[in-house]
Amino acid sequence: MVYSVQQVKYEFLAYIKEFDPTFANWYVGLADEPKRALMDQHGVRDSEDPWLYKQLLTNRAARTVQDYFVEHLGTAGARDAPQTEEFDCVYLYKIAEHTRP
């Protein structure tokens, strides 16, 4: 399912509030294969760590969500994902000792 920018912002904010309301304890990134990025790149543990991803209509929409969380709310997040339409998913995970940025 494809979500709007506002839907993803709302869902991510609700998720953060549920698990840990400190924005600095979260990472928000972009990917074409978000579950793979979460598990392989960042070392997120599927059944143990809080994580979530959503697909948006465009790369620009996904970047808008990421910018909101990283620049305005202070989450961690690298801005090095390619600017291609394949990178239309935004993901979120709670930073832990075993995760990698």
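**A walk through the fold, starting at aspartate 20**

Setting aside neighbours within four places in sequence, aspartate 20 is in contact with Asn25, Trp26 and Lys94, where contact means heavy atoms within 4.5 Å. What you are looking at is a predicted model, in which local features need pLDDT of at least 70 and side-chain atom pairs count only at pLDDT 80 or more, while totals for chains, interfaces and linings use all residues. Residues are numbered from 1 along each chain as its sequence is written, and side-chain values use heavy atoms, with hydrogens and water left out.

Let us stay with this residue for a moment. Aspartate 20 sits in the loop between H1 and S2; helices (H or I, at least four residues) and strands (E, at least two) are DSSP runs numbered from the N terminus. Is aspartate 20 buried or exposed? Its relative accessible area is 13%, so aspartate 20 is buried; buried means under 20% relative accessible area, exposed over 50%, and partly exposed in between, using a 1.4 Å probe and protein chains only. One of its partners comes from far along the chain: aspartate 20 and lysine 94 are 74 residues apart in sequence, yet their C-alpha atoms are 8.1 Å apart in space.

Now step back to the whole chain. It holds 3 helices and 4 strands, and from the N terminus on these follow the order β-α-β-α-β-α-β. The C-alpha trace spans about 30 × 25 × 25 Å along its principal axes. For 101 residues, a compact globule would have a radius of gyration near 13 Å, and the 12 Å of this chain agrees with that; the radius is taken over C-alpha atoms, and the globule rule is 2.2 Å times the number of residues to the power 0.38. Of the 101 residues, 44% are buried. Among contacts between residues at least 6 apart in sequence, 78% join residues at least 24 apart.

With that overview, we can follow the chain from its start. Serine 4 lies in the loop between strand S1 (2-3) and H1, and with 33% relative accessibility serine 4 counts as partly exposed. The C-alpha atoms of serine 4 and isoleucine 95 are 25 Å apart, with their positions 91 residues apart along the chain.

Next comes helix H1, home of isoleucine 16. At 1% relative accessibility, isoleucine 16 is buried. Not counting residues up to four places away in sequence, isoleucine 16 touches Pro21, Phe23, Trp26, Phe69 and Leu92.

Helix H2 covers residues 34-41, and its buried residues are Pro34, Ala37, Leu38 and Met39. What covers them includes S2, S3 and S4. After H2 comes glycine 43, whose phi is positive, near 75°.

Strand S3 brings us to tryptophan 51, which is buried with a relative accessible area of 16%. Which residues does tryptophan 51 touch, not counting those up to four places away in sequence? They are Tyr15, Lys35, Leu38, Met39, Val44, Arg45, Asp46, Leu92 and Tyr93. Leu38 and Met39 in this list are also among the buried residues of H2.

Helix H3 runs over residues 59-72, and at 1.5 Å a residue its 14 residues should span 20 Å; the end C-alpha atoms are 19 Å apart, which agrees. Here the expected span is 1.5 Å times one less than the number of residues. Buried in H3 are Asn59, Ala61, Ala62, Arg63, Val65, Gln66, Phe69 and Val70. An α-helix has 3.6 residues a turn, so residues three or four places apart point the same way. The buried residues of H3 pack against helix H1 (5-19), strand S2 (26-31), strand S3 (51-56) and strand S4 (89-94). Just after H3, glycine 74 has a positive phi of about 85°.

Finally, take a look at the charges. The mean positions of the 11 positive and 16 negative charges of the chain are 3 Å apart. Lys and Arg count as positive and Asp and Glu as negative, while His and the chain ends are not counted; each charge is placed at NZ of Lys, CZ of Arg, CG of Asp or CD of Glu.
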